Amino acid sequence: MATSGSGTHPHTVSAVHGSAAGDDIGAVTDVVLRALADPQRRRILRLVRGGELPAGEIARQFAVTQQGVSHHLQVLHRAGLLRERREGTKRLYTLDPQALDPVREVLADLWPSALQRLKHIVEHDQTSAGDHPPS
Amino acid sequence: MTIPEPLTASVRIAAPPATVFPYLVDPALMIRWIGHWADLDPEPGGVFALDVETAAVRGRFLSVEPPTRVVFTWGVPGSEVIPAGSTTIEILLRPDGPDTIVELVHHDLPPSEQPAHLEGWSTCLGCLVRALSAPKTAPAKRSPGGP
């Protein structure tokens, strides 16, 4: 994000900014959406939204192996949807309350990137048009 | 139920507000930075319609004050989370020397305690995310010109 441009090559700077912003957001939202796309993972989220549960307790609720549940927990944790806490050998999971508002999360990421595009386009148009800004 | 804080975002643009403003109200200019189709009637009560890939964003202009301020409602018809017109966006253009500071405030977003909507997220959000984050409006290339 910290691409430094002297302003003498606005085209190049725009291109770098544009693609970098798109990739970042795409990657982050992709992880969250993929985590949410699985019905078992959504069930895990519902299970832990009321409070912390140990991994073993969560696994008991499912007709899959503990390994399978562990994998789901890791995916959810990595996507930022679950908080993980260790207590001795136990791992405890709870829903991350901030992750409960993906609309907000998505928009919180999207508006800055949209405004960046606005910036680049306006400045690009200014440069191309010289002293004749579009009306 | 607590009222959620509005989302804010801002950017500095090396152009005066009068140059930036049309990009917020002219459909042909707007779709160069967000969405791929727009129908905008920039006057109070006028239509605000913006298609971003498979998501249709619909609302109404509430206030249009060139070249410094525009306010419109914003939502997705059929969405439980953000129905058409359910949220409000205010964009302020503040001159700062030769530049403009653009401040966007997104009000009335739904409160965060909505786990019942888990299923909806992956579908309705999917289109919004793909749509709004699609970097296909990358400004590096020359645009083919007017509409």
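# Exercises on a predicted two-chain model

In chain B, seven strands make up an open, antiparallel sheet, ordered β1-β7-β6-β5-β4-β3-β2. The model is a predicted one, so let us keep an eye on confidence as we work through it.

## Exercise 1. Walk across the sheet of chain B

Find which strands form the edges of the sheet, and work out how β2(B) is joined to its partner.

**Solution.** Start with the strand order, β1-β7-β6-β5-β4-β3-β2. At its ends stand β1 (7–13) and β2 (37–40) of chain B, the edge strands, each with pairing on one side only. On average, neighbouring strands in this sheet are turned by 20° against each other, direction ignored.

Next, follow β2(B) to its partner: four bridges tie it to β3 (residues 47–52) of chain B, and the two run antiparallel. Two facing pairs can be picked out here: B:A38 is opposite B:L50, and B:L40 is opposite B:F48.

Finally, look at the turn. Six residues separate the strands of this hairpin, and B:G45 has a positive phi near 90°.

## Exercise 2. Read the faces of β2(B)

Decide which side chains of β2(B) are buried and which are not.

**Solution.** Begin with the general pattern: side chains in a regular strand alternate between the two faces of the sheet. Now apply it to β2(B). B:A38 and B:L40 point to one face and are buried, whereas B:W37 and B:D39 point to the other face and are not buried.

Then go across from B:L40 to its opposite number, B:F48 in β3(B). Beyond four places in sequence, the contacts of B:F48 include B:D39 and B:L40, as well as B:M30, B:V57, B:F61, B:F72 and B:W74.

B:F48 also leads us to the largest nonpolar core, which has 39 residues; B:F48 is among those with the most contacts inside it, along with A:L118, B:L24, B:W33 and B:I91. Which element gives this core its largest share? Helix α5 (residues 102–129) of chain A does, with six residues. A separate core of 18 residues includes A:F62, A:L73, A:L82 and A:Y93.

## Exercise 3. Place a loop residue

Is B:F21 buried or exposed, and what does it touch?

**Solution.** First locate the residue: B:F21 sits in the loop between α1 (17–20) and α2 (22–25) of chain B. Its relative accessible area is 6%, and because the cut-off for buried is under 20%, B:F21 counts as buried.

Now list its partners. Setting aside residues up to four places away in sequence, B:F21 touches B:V64, B:E65, B:P66, B:P67, B:T68, B:R69, B:V70 and B:L93. Take B:R69 as an example: it is 48 residues from B:F21 along the chain, yet their C-alpha atoms are separated by 8.3 Å.

## Exercise 4. Pack the helices of chain A

Describe how α2(A) and α4(A) lie on the sheet of chain A and on each other.

**Solution.** Set up the sheet first. Three strands of chain A form an open antiparallel sheet in the order β1-β3-β2, with β1 (53–54) and β2 (82–87) as the edge strands. Two bridges link β1(A) to β3 (residues 90–95) of chain A, where A:P54 faces A:L92.

Now add the helices. Helix α2 (residues 39–48) of chain A lies across β1, β2 and β3, at about 90° to β3(A). Helix α4 (residues 66–78) of chain A lies across β2 and β3, at about 120° to β2(A).

Last, compare the helices with each other. Their axes are 10 Å apart and meet at an angle of about 75°. The range from 65 to 115 degrees counts as roughly perpendicular, so α2(A) is roughly perpendicular to α4(A). A:Q40, A:R41, A:I44 and A:L45 of α2(A) make the contact with A:H72, A:L73, A:V75 and A:L76 of α4(A).

## Exercise 5. Judge the confidence in chain B

Where in chain B does pLDDT stay under 50?

**Solution.** Take the whole chain first: its mean pLDDT is 76, with 67% of the residues reaching 70 or more. Then go to residues 112–147 of chain B, where pLDDT stays under 50. The model has 78 contacts beyond four places in sequence for this stretch. Predicted coordinates should not be read in detail where pLDDT is low.

Conventions:
Residues numbered from 1 in each chain as written. Chains lettered and ligands numbered in written order. Predicted model: local features only at pLDDT ≥ 70, side-chain atom pairs only at ≥ 80, totals over all residues. Heavy atoms only, no water. Pairing = 2+ DSSP bridges. Axes fitted to C-alpha atoms, helices over the stretch in contact; angles between N-to-C directions. Core = buried A, V, L, I, M, F, W, Y, C linked by side-chain atoms within 4.5 Å. Buried < 20%, exposed > 50% of the residue type's maximum accessible area, 1.4 Å probe, protein only. Contact = heavy atoms within 4.5 Å. pLDDT = per-residue confidence, 0-100. Parallel < 35°, antiparallel > 145°, perpendicular 65-115°, else oblique.
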